[in-house]
There are 2 protein chains.
Amino acid sequence: MEERTPRRPRIADVAREAGVSKTAVSFAFNSPDRLAPETASRILVVAESLGYRPHPVARMLTQRSTHTIGVLTPQALSVIFSNPFFGAFSEGVALAAEQEGYALHFISPLHGSLARAMGRATVDGVVAIGLSATHPEVEQIRAAGLPLVMVDSSALPDQPGIEIDDAGGARAAAEHLLGLGHTTFLVAGVEPPTPGAQLEPDGVMGRRLGGYLGALGARGIELPAHAICVGPASIEGGMAVMRRAWEDGLRPTAVLAMSDAMAIGVLRAARELGMRVPEDISVVGFDDIDISQHTNPPLTTVHQPIRQKGESAVRLLLSVIERRDPRPEQLRLETRLIIRGSTGPAPRRRQEVVEARNQAIGRHAGASHPSARRKRTRGTSDAIPATDAGPGRTSDGPDT
Amino acid sequence: MEERTPRRPRIADVAREAGVSKTAVSFAFNSPDRLAPETASRILVVAESLGYRPHPVARMLTQRSTHTIGVLTPQALSVIFSNPFFGAFSEGVALAAEQEGYALHFISPLHGSLARAMGRATVDGVVAIGLSATHPEVEQIRAAGLPLVMVDSSALPDQPGIEIDDAGGARAAAEHLLGLGHTTFLVAGVEPPTPGAQLEPDGVMGRRLGGYLGALGARGIELPAHAICVGPASIEGGMAVMRRAWEDGLRPTAVLAMSDAMAIGVLRAARELGMRVPEDISVVGFDDIDISQHTNPPLTTVHQPIRQKGESAVRLLLSVIERRDPRPEQLRLETRLIIRGSTGPAPRRRQEVVEARNQAIGRHAGASHPSARRKRTRGTSDAIPATDAGPGRTSDGPDT
DNA sequence: CCGGTTTGCTAAACCGGTTTTGTAACCAGC
DNA sequence: GCTGGTTACAAAACCGGTTTAGCAAACCGG
């Protein structure tokens with residue numbers, strides 16, 4: 001005989017119970033100074049006793065603001081969350097959002113449609129990561145009048161966005177290898193989401209490729225088309241690329257990988273093919289995700305400020321949302337090469353690579369230039385047990 | 001002289017422009033079969049030309065559903081996203097949510113208050129991870145009539161929740177070490193969020209500790225209180241615990257760490273203190289996060305199905321939200337010990353540990369029992385370059 | 001004591017949709 | 001020719017709040 005459904009109390013219930021108007025209840029919660037102190041507190045007491053909480057959706061509707069920012073990714077979240085790059089980026093996003101009192105809403109394709117997901121999303125603005133500028137949803141979002149900050153998409157000129165110096169970082173990576181005497185390269189690229197499509201020159205990967213090719217070209221080295229292999233941006237993808245290249249008869253002494261995950265896969269595949277890193281083959285990654293300093297050998301890679309990218313994207317977005325800064329801004333963050341243990345001087349003769357392979361396990365000393373190796377920055381490479389760098393291992397220890 | 005602010009078109013605008021009622025426009029979008037075909041398409045054309053999209057917040061309000069599930073964490077998201085455990089958990093959550101067409105909304109303390117954040121959150125239900133059952137917000141959520149699934153909190157009996165067999169996993173870890181002859185242990189625990197508080201026996205860490213102590217007690221080994229050290233659940237936390245224990249004069253031959261991150265920190269600190277793993281000291285982690293198979297040596301740890309936990313939590317929540325299953329369910333997932341390279345037989349004499357330390361770098365052969373070591377499962381331990389396990393390294397290769 | 005301001009609160013409009021109820025037109029059947 | 005049932009749409013109520021306009025009483029200086 002009790003009440004059937006203990007319906008959620010509404011503002012009218014509180015008003016009736018307290019003997020005041022809805023307006024007064026609203027005031028009690030939002031601007032108590034507009035009421036007599038004892039009235040306000042009486043209302044709050046009644047509200048508390050009824051278990052009343054203002055309905056957040058109704059509130060959003062009238063205030064025309066959700067205090068939520070959306071993080072848009074063209075891929076499914078279930079694949080995205082396993083990506084360390086995205087984890088670090090989200091960390092930055094979350095940090096800025098929390099400081100500013102905004103909640104986070106992740107937007108990913110709903111039943112395959114990003115547009116549908118965007119239609120459902122209740123956000124004040126969107127940070128889009130990895131979305132190409134030509135993606136149709138970009139126009140949809142802009143048409144909806146929703147503030148948008150694009151990360152890693154060569155943005156339209158009148159559009160706020162965050163980029164990094166992909167080309168410069170890639171150039172530095174290639175020049176580093178050139179300086180070590182390498183002449184035979186393999187580029188391990190991240191394949192575009194739509195299979196069969198070419199690397200779009202405007203995208204992140206296009207810019208990185210441009211950097212590689214530019215540096216190589218400046219030394220008169222032309223990279224044959226078949227030395228650019230693409231695969232998924234994962235460890236498995238990197239392994240697949242390296243194995244395929246090997247089976248195709250390619251014998252690079254240096255690999256330029258467009259992501260750290262791929263570089264790690266290349267590292268592993270190269271070792272399984274009997275090569276030593278960096279004695280027989282050098283590998284450079286891109287991104288400098290956290291685990292890259294823990295691989296064996298520690299990965300030489302192009303660092304980009306991933307967390308800061310997320311943070312800056314949110315701050316830029318909020319400056320638009322809150323109309324502090326009417327003019328959209330473009331931010332460009334720097335990259336820098338971090339030299340660790342996965343790169344070394346090119347083998348003297350090409351033949352060495354093959355020899356090394358046939359020798360399988362047996363390590364022979366003196367295959368490379370110890371003096372040059374010793375000069376390399378160790379950085380934090382011996383900071384964690386995952387790496388064997390540091391005195392006593394790797395090359396200058398007792399076991400070489 | 002153009003329109004000042006190109007206001008977002010409302011349903012009334014479309015209705016007027018198309019010469020129909022608001023109802024008809026609503027029908028055109030939601031149940032077109034209730035209109036004459038040509039009327040419906042005419043309305044849609046007009047809507048398209050005006051750039052009209054139904055306002056998601058208004059829609060939520062009338063439909064009394066947000067099609068969004070909340071992920072609640074008592075810590076700040078910016079610390080949470082850097083946690084590989086949480087990344088894997090989120091992956092599972094996202095997978096299930098995407099399949100069911102739900103969006104994801106992360107709820108973390110707003111200006112330090114979880115209650116405030118909950119008040120703002122527009123979700124149909126909540127998955128709470130790492131929230132103690134006695135946390136005041138639990139009652140708030142239940143009072144609000146919001147479906148709630150608690151993960152890793154010894155839940156109230158009438159409350160749906162997901163747990164794992166923490167005690168059983170911990171027991172297996174301890175028994176493994178006991179079977180290897182260890183008698184001197186250190187427990188590296190995860191400190192409670194509120195400093196100074198004791199490990200609550202009902203929490204995850206309490207259950208794990210119970211498992212450790214139970215197994216030890218069954219062999220007549222009593223763990224002194226000072227051999228239980230706590231710190232943050234991070235690599236740094238694990239390092240700190242190990243160093244502090246060493247400085248306090250503890251000389252354990254085996255460490256039971258309550259998280260993999262801590263175990264990795266212990267690994268590193270132990271090595272820096274001059275110990276070899278597993279010859280001088282064995283380490284067991286808990287969770288089996290992805291990188292644990294890539295440490296050096298690969299980490300022996302208690303596996304728990306992290307992704308599945310996230311997935312199951314969402315499915316359980318949705319069964320409550322959509323009232324498919326009126327009776328809340330409790331799910332208990334299994335754990336299992338994964339034996340990799342970080343555990344080995346106890347050193348014959350305690351003295352060996354000290355010797356090993358004083359010898360610093362020089363590796364001496366035969367410090368442990370090769371026969372027993374060879375029996376250990378290698379698993380995927382040689383699957384990635386980060387580990388040097390596999391023929392030719394670690395112990396049975398040429399460099400021991 | 002009077003006109004004007006301030007205080008404390010309310011009634012009504014509004015946010016932008018969905019859903020229930022209503023009604024006019026058309027058609028079939030007896 | 002009237003009843004009863006569809007069909008196609010409209011009017012109005014509603015979701016649960018906020019906000020604007022307004023009103024009565026109290027205050028206040030002259």
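These exercises work through a predicted model, each with a solution in steps.

**Exercise 1. The make-up of chain A**

Task: State how many helices and strands chain A has, and what share of its residues count as buried.

Solution:
- Step 1. Count the elements. Chain A holds 15 helices and 12 strands.
- Step 2. Turn to burial. Chain A has 400 residues, and 50% of them count as buried.
- Step 3. Look at the contacts in chain A with a separation of 6 or more. Residues 24 or more positions apart account for 72% of these.

**Exercise 2. A strand and its surroundings**

Task: Decide whether strand β2 (residues 103-107) of chain A is largely enclosed or not, and say why.

Solution:
- Step 1. Recall the cut-off. A residue is buried if 20 or more other C-beta atoms lie within 10 Å of its own.
- Step 2. Apply it to the strand. In β2(A), 5 of the 5 residues are buried, so the rest of the structure largely encloses this strand.
- Step 3. Check each face. On one side, A:Ala103, A:His105 and A:Ile107 are buried; on the other, A:Leu104 and A:Phe106 are buried. Both faces of β2(A) are therefore covered, as the burial of 5 of its 5 residues requires.

**Exercise 3. Partners of β2(A)**

Task: Find which strand of chain A pairs with β2(A), and which strand of chain B is joined to it.

Solution:
- Step 1. Stay within chain A. Strand β1 (residues 68-72) pairs with β2(A) in the parallel sense, over 5 bridges. Here A:Leu72 stands opposite A:Ile107.
- Step 2. Cross to chain B. Strand β2 (residues 103-107) of chain B is joined to β2(A) by 3 bridges, and the two run antiparallel.
- Step 3. Name the partners. A:Phe106 has B:Leu104 as its bridge partner. A:His105 is bridged to B:His105.

**Exercise 4. Two more pairings**

Task: For strand β10 (residues 300-303) of chain A, state which way it runs against β9 and against β12.

Solution:
- Step 1. Take β9 (residues 282-287) of chain A. It runs parallel to β10(A), with 4 bridges between them. A:Phe286 stands opposite A:Val302.
- Step 2. Take β12 (residues 336-338) of chain A. It pairs with β10(A) in the antiparallel sense over 3 bridges. A:His303 stands opposite A:Arg336.

**Exercise 5. Chain A against chain B**

Task: Describe the contact between the chains and the rotation that relates them.

Solution:
- Step 1. Count the contact residues. On chain A there are 53, in contact with 53 of chain B.
- Step 2. List the elements. On the chain A side, those giving two or more residues are α4, α5 (77-80), α6 (84-99), β2, α7 (114-120) and α12 (260-272). The most come from α6(A), with 6 residues.
- Step 3. Sort by type. This side of chain A has 26 nonpolar, 18 polar and 9 charged residues.
- Step 4. Superpose the copies. A turn of 180° with a shift of 0.0 Å along the axis lays chain A on chain B, with an RMSD of 0.1 Å. The two copies are thus related as by a two-fold rotation axis.
- Step 5. Compare the surfaces. Of the contact residues of chain A, 100% recur in chain B, and the same surface serves both copies.

**Exercise 6. One face of a helix**

Task: Find which residues of α4(A) are buried and why they line one face.

Solution:
- Step 1. Name them. A:Pro56, A:Val57, A:Arg59 and A:Met60 are buried in α4(A).
- Step 2. Look down the axis. The buried residues fall within an arc of 160°, so they line one face of the helix.
- Step 3. Recall the geometry. An α-helix has 3.6 residues a turn, so residues three or four places apart point the same way.
- Step 4. Find the cover. It includes α4 and α7 (114-120) of chain B.

**Exercise 7. The surface near DNA strand C**

Task: State how many residues surround DNA strand C and how they divide by type.

Solution:
- Step 1. Count. There are 25 residues around the strand, and the closest are A:Ser21, A:Ala24, B:Ile11, B:Ser26 and B:His55.
- Step 2. Find the helices. At least two residues each come from α2 (22-30) and α4 (56-63) of chain A, and from α2 (22-30) and α4 (56-63) of chain B.
- Step 3. Sort. This surface has 10 nonpolar, 10 polar and 5 charged residues.

Terms used. Residues are numbered from 1 along each chain as its sequence is written. Chains are lettered from A and ligands numbered from 1 in the order in which they are written. This is a predicted model: local features need pLDDT of at least 70, side-chain atom pairs count only at pLDDT 80 or more; totals for chains, interfaces and linings use all residues. Two strands pair if DSSP finds at least two bridges between them. A residue is buried if 20 or more other C-beta atoms lie within 10 Å of its own, exposed if 12 or fewer, and partly exposed in between; C-beta atoms are placed from the backbone. A residue is near a molecule or strand if its C-beta atom, placed from the backbone, lies within 6 Å of it. Ala, Val, Leu, Ile, Met, Phe, Trp, Tyr, Cys and Pro count as nonpolar, Asp, Glu, Lys and Arg as charged, and the others, Gly among them, as polar. Two residues are in contact if their C-beta atoms, placed from the backbone, lie within 7 Å. The arc is that of the directions from the helix axis to the C-beta atoms. Copies are superposed by least squares on the C-alpha atoms of residues with pLDDT of at least 70 in both.
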